[in-house]
Amino acid sequence: MLLYVTLGTNDLYRAGHFYDAVLPVLGYRRQHYSEEEIGYSAESDTRCRFWVVTPFNRRRATSGNGAMVAFAAETRAAVDAFHAAAMAAGGMDEGGPSLRSYHAHFYAAYIRDLDGNKLCAVCENPV
């Protein structure tokens, strides 16, 4: 359904260090960099699906109230690693790794990046 997602940042260099530390634990890598944007994708993907950008209108980036990006995780251990990597890189805890009430196997962790954007890693596998 979605082609790609973008999140704004006020410091692309700092955001790049954060995402370079966090996304590889889920199998996503930096594939593109310019002065305006950084793109991430799985190694097997043909295009970047997640972008961290400076706002096109050159105004200050802000986080959206009620907005969140959820990343697929293959294992619960990957969700744990996502949360740990985010905390180590300066992210803010929004709900540590655990099963959630959405369904029997919905294992997730929630964080905020350095710009306040809310992110989640979810494993829907039984282990």
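**Aromatic pairs and a four-stranded sheet**

Aromatic ring pairs number seven here, counting rings whose centres lie within 6.5 Å. The model is predicted. Two of its features are covered below: ring pairs and an open sheet of four strands.

**Aromatic rings**

- Tyr 40 and Phe 50 make a tilted pair, with centres 6.3 Å apart and 45° between the planes.
- This pair links distant parts of the chain: Tyr 40 sits in strand β3 (residues 37-42) and Phe 50 in strand β4 (residues 50-53), 10 residues apart.
- Tyr 40 is buried, at 2% relative accessible area. Phe 50 is buried too, at 5%.
- Tyr 102 and Phe 106 pair edge-to-face, because their planes stand at 75°, with ring centres 4.8 Å apart.
- Tyr 102 is exposed, at 57% relative accessibility, whereas Phe 106 is buried, at 14%.
- Ring pairs also join Phe 18, Tyr 19, Tyr 28, Tyr 40, Phe 50 and Phe 71 into a cluster.

**The open sheet**

- The strand order is β5-β8-β7-β6, and the pairing is mixed.
- β5 (69-72) and β6 (92-99) are the edge strands; each has a single partner, so one side of each lacks a neighbour in the sheet.
- Neighbouring strands are turned against each other by 15° on average, direction ignored.
- β5 pairs with strand β8 (residues 118-123) in the parallel sense, over four bridges.
- Val 69 stands opposite Leu 119 of β8.

**Helix on the sheet**

- Helix α2 (residues 76-88) lies across β6, β7 (107-112) and β8.
- Helix α2 runs at about 15° to β7.

Technical notes. Residues are numbered from 1 along each chain as its sequence is written. This is a predicted model: local features need pLDDT of at least 70, side-chain atom pairs count only at pLDDT 80 or more; totals for chains, interfaces and linings use all residues. Side-chain values use heavy atoms; hydrogens and water are left out. Rings of Phe, Tyr and Trp (its six-membered ring) pair if their centres lie within 6.5 Å; planes under 30 degrees apart count as stacked, over 60 as edge-to-face and the rest as tilted. Buried means under 20% relative accessible area, exposed over 50%, partly exposed in between (1.4 Å probe, protein chains only). Two strands pair if DSSP finds at least two bridges between them. Axes are lines fitted to C-alpha atoms, for helices over the stretch in contact, and angles run from 0 to 180 degrees between N-to-C directions. Contact means heavy atoms within 4.5 Å.
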